[in-house]
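Hello,

Here is the structure I said I would pass on. My notes on it follow below.

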Amino acid sequence: MSDAPSVLFDMDGQVAVVRLNRPERLNAITPELLDLLRETLGRAVAEGARAVLLTGEGRAFCAGADLAARGAGEMIEPGANLRAHYHPVAETFAALPIPVVTAINGAAAGAGASLALLGDIVVAARSSYLLLAFANIGLVPDAGVTWLVAKSAGRAKALEMALLGERMTAQEAADAGLIARVVEDEALMETAMGLARKLAAMPTVALGLIRKQVAAALTSTLSDTLEVEAQHQSRAAQTSDFREGVMAFLQKRPAQFTGG
Ligand code: LHQ
């Protein structure tokens, strides 16, 4: 195994580009990779990123938990492993104040499907696929993917994917409402980067609030959602980006949002 970091980080303007980097194992997940991913997301925010682009190095996005990292007998107890390493990553994605674009560049299997679907806008290369591989090896879906799939695609699709453990093509995933866009393989990074740059130039505070209120709405009543919206609107209306947005509208010019 190489000594390269398992997660790579670059700033491209105000977009943090984060790459899973264990290509020889299709970016299979280790606890160290997850801890570094969480740290990297924090670093992105600390360095002033206004959007994150997450993808995988090599020919896959992520093949899920590394099944070869240790002998099966030495495997960390899964429940404890999930609580200690996987859940904090999912919670970190959920709590981010900036939007996330994920670019699925090949297999997104097992917990790798979870990482892919944790993005706010998921773009997939035409040849890529989602695979809830868990049942194929005697496990159950984890790392939030049960919730992510059932909330986006519904109960029937979640059960079909989880029980049968078959590959779902990028187009099928888009048709099922699981991902936003399918693009030709060679256009993946350009499309994903274009979306991330667009998001990074938008009113960041409002976008951060939007991602939280949509998540909250998934488990709320209409009345509770109305209240969350009102609170978030009060907060958004205090930003300089709101003032700029209204001014630009009235002056019939493009707005210059700064994220403030
Ligand atoms: C891998 C992996 C891999 C190690 C490919 N590990 N080496 C579980 C346990 C406990 C706690 C926490 O949570 C979890 C959650 C999970 O994610 S469980 C689900 C784990 N993932 C899987 O079961 C998927 C396993 N991989 C595959 O089914 C295939 O590799 C896919 C369908 C992703 C890709 O197939 P191919 O394109 O045919 O590639 P390949 O199978 O030939 O893989 C290429 C290499 O990557 C190969 O190594 P080698 O040395 O022979 O070239 C694989 O062994 C290695 N690799 N996935 N998860």
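**Strand pairing and the domain contact**

Strand β6 (residues 121-125) is joined to strand β9 (residues 181-183) by 3 bridges, and the two run parallel. Please keep in mind that this is a predicted model.

On the pairing of β6 with β9, V123 has R181 as its bridge partner. β6 also pairs with strand β4 (residues 100-104), again in the parallel sense, over 4 bridges. There, T102 is matched with V122. As for exposure, 4 of the 5 residues of β6 are buried.

The protein is split into domain 1 (7-200) and domain 2 (204-251). Their centres, taken over C-alpha atoms, are 26 Å apart. In the contact between them, 13 residues of domain 1 meet 8 residues of domain 2. The two domains bury about 850 Å² between them, with 49% of that on carbon and sulfur atoms. On the domain 1 side, the most area is lost by R50, W147 and K151, which together account for 40% of what that side buries.

Polar terms, in case you want them for setting up a calculation: there are 9 residue pairs in polar contact between the domains, both residues at pLDDT 80 or more. The elements of domain 1 that give two or more residues to the side touching domain 2 are α2 (78-95) and α4 (145-153). The largest share, 3 residues, comes from α2. The count of salt bridges between the domains is 1. The side chains of D120 and R211 form a salt bridge, at 2.8 Å from N to O.

Regards

Conventions: Residues are numbered from 1 along each chain as its sequence is written. This is a predicted model: local features need pLDDT of at least 70, side-chain atom pairs count only at pLDDT 80 or more; totals for chains, interfaces and linings use all residues. Side-chain values use heavy atoms; hydrogens and water are left out. Buried means under 20% relative accessible area, exposed over 50%, partly exposed in between (1.4 Å probe, protein chains only). Two strands pair if DSSP finds at least two bridges between them. Domain bounds come from an automatic or database domain assignment. Contact means heavy atoms within 4.5 Å. Buried area is the accessible area (1.4 Å probe) that two parts lose on being put together, summed over both. A salt bridge is a side-chain nitrogen of Lys or Arg within 4 Å of a carboxyl oxygen of Asp or Glu. A polar contact is a pair of N or O atoms within 3.5 Å; within protein, one must be able to donate a hydrogen and the other to accept it, and residues adjacent in sequence count only if both atoms are side-chain atoms.
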